[in-house]
Amino acid sequence: MHSYIKPITKLFKQSADTENAAGARAYMRNQFEYFGIKAATRQSVSKNYMKKELPAYTELEIIVKELWQFPEREFQYFAIDLMAAMKKQWTTDIINLIEFVLVNKSWWDTVDHAASDLTGPYFKSFPKQINKITGNWNRSDNFWLQRSSIMFQKQYKKETDTILLSKYILKHSHSTEFFIQKAIGWALREYSKTDAAWVIQFVKQHELSALSKREALKRIK
């Protein structure tokens with residue numbers, strides 16, 4: 001075990017709750033094990049630990065990939081938080097590690113966590129990478145990468161590239177995959193907070209699933 005991981009492992013074990021762990025496993029369809037740490041507690045423990053010490057950037061990939069091997073899901077959440085905490089040190093090739101996070105042990109929790117804390121900030125830092133990387137994701141056969149291409153701008157507000165968002169949504173507008181329909185709706189719902197009229201017009205003009213439409217218009221009165 002990497003020396004940076006040992007202390008957080010101890011802290012997570014100290015905060016473990018078997019009853020919460022059972023509920024978390026059931027909620028996530030028994031795909032992952034859990035310590036059962038409440039989200040607020042886990043975030044506080046992780047943040048306090050990272051405040052005291054961050055690893056060398058050159059060690060980040062090794063640490064993240066090792067954290068990804070542990071059965072308890074909290075380790076994967078910690079890995080994403082750690083990558084985000086070191087974003088001032090990011091270089092363009094961190095996208096390879098972000099893709100690793102997206103396509104391994106994939107489920108909505110880590111993919112959406114990454115959309116907020118990794119993919120969105122990455123493309124803000126390296127905008128020249130947007131078309132190449134997210135274009136590849138959108139054309140991928142991996143629906144988690146497709147979802148990530150649609151959602152990476154969800155916090156961009158007025159800086160949202162609506163032409164690109166439209167293109168990526170329409171590529172998959174007839175998808176029967178729940179997580180893609182949901183992503184389309186979520187991306188539109190988030191942008192509706194900035195430009196509700198644009199979202200209303202987009203939904204009127206294009207054939208979307210009922211789920212996508214419902215989610216898109218949820219925040220519009």
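Select Tyr122 first: Tyr122 is buried, with a relative accessible area of 0%. Here buried means under 20% relative accessible area, exposed means over 50%, and partly exposed lies in between, computed with a 1.4 Å probe on protein chains only. The model is predicted, so local features need pLDDT of at least 70 and side-chain atom pairs count only at pLDDT 80 or more, while totals for chains, interfaces and linings use all residues. Residues are numbered from 1 along each chain as its sequence is written, and side-chain values use heavy atoms, with hydrogens and water left out.

Add Phe123 to the selection. Phe123 counts as buried, at 1% relative accessibility. Tyr122 and Phe123 form an edge-to-face aromatic pair, with 5.1 Å from centre to centre and 85 degrees between the planes. Rings of Phe, Tyr and Trp (its six-membered ring) pair if their centres lie within 6.5 Å; planes under 30 degrees apart are stacked, those over 60 are edge-to-face and the rest are tilted.

Next, select Thr134, which lies in helix α8 (residues 130-139). Helices (H or I, at least four residues) and strands (E, at least two) are DSSP runs, numbered from the N terminus. Thr134 is buried, with a relative accessible area of 0%. Its side chain makes a polar contact of 2.7 Å with the side chain of Tyr168. A polar contact is a pair of N or O atoms within 3.5 Å; within protein, one must be able to donate a hydrogen and the other to accept it, and residues adjacent in sequence count only if both atoms are side-chain atoms. Leaving aside neighbours within four places in sequence, Thr134 is in contact (heavy atoms within 4.5 Å) with residues including Phe123, Phe152 and Tyr168.

Move to Phe12 and Phe35, both of which are buried. How many aromatic pairs does the structure hold? There are 24. Phe12 and Phe35 form one that is tilted, at 5.9 Å centre to centre and 50 degrees between the planes. This pair links distant parts of the chain, since Phe12 is in helix α1 and Phe35 is in the loop between α2 (18-27) and α3, 23 residues apart. Extend the selection to Tyr4, Tyr49, Phe70, Phe75 and Phe78, which ring pairs link with Phe12 and Phe35 into a cluster.

Tyr49 leads to helix α3 (residues 39-52), where the buried residues are Arg42, Val45, Ser46, Tyr49 and Met50. Why do they lie on the same side of α3? They cover an arc of only 125 degrees around the axis, taken from the directions from the helix axis to the C-beta atoms. These buried residues pack against α1 (5-14) and α5 (73-85). Turn the helix to find the exposed residues Ala40, Lys47, Lys51 and Lys52 on the face away from the buried side.

Two charged side chains merit a view. The charged end of Arg73 sits over the ring of Phe32, 3.7 Å from its centre, and that of Lys124 sits over the ring of Tyr156, 4.5 Å from its centre. The criterion is NZ of Lys or CZ of Arg within 6 Å of the ring centre and within 35 degrees of the ring normal.

Finish in two loops. Arg29, in the loop between α2 and α3, has a positive phi of about 60 degrees although it is not a glycine. Arg29 is exposed, with a relative accessible area of 59%. Lys105, in the loop between α6 (94-103) and α7 (108-125), has a positive phi near 50 degrees. Lys105 counts as partly exposed, at 32% relative accessibility.
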